[in-house]
Amino acid sequence: MLADIASQKVYNYWVRIGELINSFFLLRGKSNNNFFHSAIEEIPEEYRESENYLWLKNFKESEYIELYKIRRDIVHTISSDTNFKYRHSAVVTNKEKMYELQTEHENIAPFYKKQISLSILGFEKTLLLLEEVN
């Protein structure tokens with residue numbers, strides 16, 4: 001349950017970053033979508049060489065995609081706890097698969113710890129980008 005909440009909260013954080021970027025560039029007239037991935041794509045060309053923009057774009061195309069997929073499954077398909085239970089019962093007699101599943105399960109906390117660090121750095125990069133534009 002806590003992993004699912006962490007997923008949704010980190011994702012919601014990036015939605016807010018998208019809203020900040022959209023409002024700064026006055027993109028609301030161009031798009032009804034305030035999501036982070038859309039906001040990054042709608043940043044005007046003249047700012048796309050910025051180191052801060054490049055960091056945000058790289059994040060969007062790597063770590064954000066992973067977070068998005070996890071959160072999408074949790075919200076629209078199945079909770080991570082239920083998913084773990086189904087997967088656990090499917091491999092209960094396979095020691096190697098059980099070890100892999102347990103390792104994956106134990107890596108949930110470090111994953112979200114990294115996401116929190118990336119969120120802080122992403123906020124910094126967003127503010128620096130907006131400062132460059134201003």
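The exercises below, each with a worked solution, concern helix packing and salt bridges in a predicted model.

**Exercise 1.** Determine how helix H1 and helix H4 are oriented to each other, and which residues make up their contact.

*Solution.* Begin with the geometry: helix H1 (residues 2-25) and helix H4 (residues 63-76) pack at an angle of about 125 degrees, and their axes are 9 Å apart. Angles from 65 to 115 degrees would count as roughly perpendicular and angles over 145 as roughly antiparallel, and H1 and H4 are therefore oblique to each other. The handedness comes next, and here H1 passes H4 in a left-handed crossing. Turning to the residues, H1 contributes Asp4, Ser7, Gln8, Val10, Tyr11 and Trp14, which meet Tyr64, Leu67, Tyr68, Ile70, Arg71, Ile74 and Val75 of H4. Sorted by character, the residues of this contact comprise nine nonpolar, two polar and two charged.

**Exercise 2.** Decide whether Arg71 is buried or exposed, and list the residues that Arg71 touches beyond four places away in sequence.

*Solution.* Arg71 lies in helix H4 and belongs to the contact with H1. Its relative accessible area is 17%, and since buried means under 20%, Arg71 is classed as buried. When residues up to four places away in sequence are not counted, Arg71 touches Ser7, Gln8, Tyr11 and His76.

**Exercise 3.** State how many salt bridges the structure holds, and examine the pair formed by Arg48 and Glu45.

*Solution.* The structure holds eight salt bridges. In one of them, the side chains of Arg48 and Glu45 meet with an N to O distance of 3.3 Å. The accessibility of each partner is then taken in turn: Arg48, at 19% relative accessibility, counts as buried, whereas Glu45, with a relative accessible area of 59%, is exposed.

**Exercise 4.** Identify which helices are linked by the salt bridge of Glu63 with Lys114 and by the salt bridge of Arg87 with Glu104.

*Solution.* The side chains of Glu63 and Lys114 meet in a salt bridge at 3.9 Å, N to O. This pair links distant parts of the chain, with Glu63 in helix H4 and Lys114 in helix H7 (residues 108-133), 51 residues apart. Lys114 counts as partly exposed at 45% relative accessibility. For the second pair, the closest N and O atoms of Arg87 and Glu104 are 2.7 Å apart. Arg87 lies in helix H5 (residues 80-90) and Glu104 in helix H6 (residues 95-106), so this salt bridge ties together parts that are 17 residues apart in sequence. Arg87, at 33% relative accessibility, counts as partly exposed, and Glu104, at 43%, also counts as partly exposed.

Definitions and conventions: Residues are numbered from 1 along each chain as its sequence is written. This is a predicted model: local features need pLDDT of at least 70, side-chain atom pairs count only at pLDDT 80 or more; totals for chains, interfaces and linings use all residues. Side-chain values use heavy atoms; hydrogens and water are left out. Axes are lines fitted to C-alpha atoms, for helices over the stretch in contact, and angles run from 0 to 180 degrees between N-to-C directions. Helices (H or I, at least four residues) and strands (E, at least two) are DSSP runs, numbered from the N terminus. Angles under 35 degrees count as roughly parallel, over 145 as roughly antiparallel, 65 to 115 as roughly perpendicular and the rest as oblique. A crossing is left-handed if the near helix is turned anticlockwise from the far one by less than a right angle, and right-handed if clockwise. Contact means heavy atoms within 4.5 Å. Ala, Val, Leu, Ile, Met, Phe, Trp, Tyr, Cys and Pro count as nonpolar, Asp, Glu, Lys and Arg as charged, and the others, Gly among them, as polar. Buried means under 20% relative accessible area, exposed over 50%, partly exposed in between (1.4 Å probe, protein chains only). A salt bridge is a side-chain nitrogen of Lys or Arg within 4 Å of a carboxyl oxygen of Asp or Glu.
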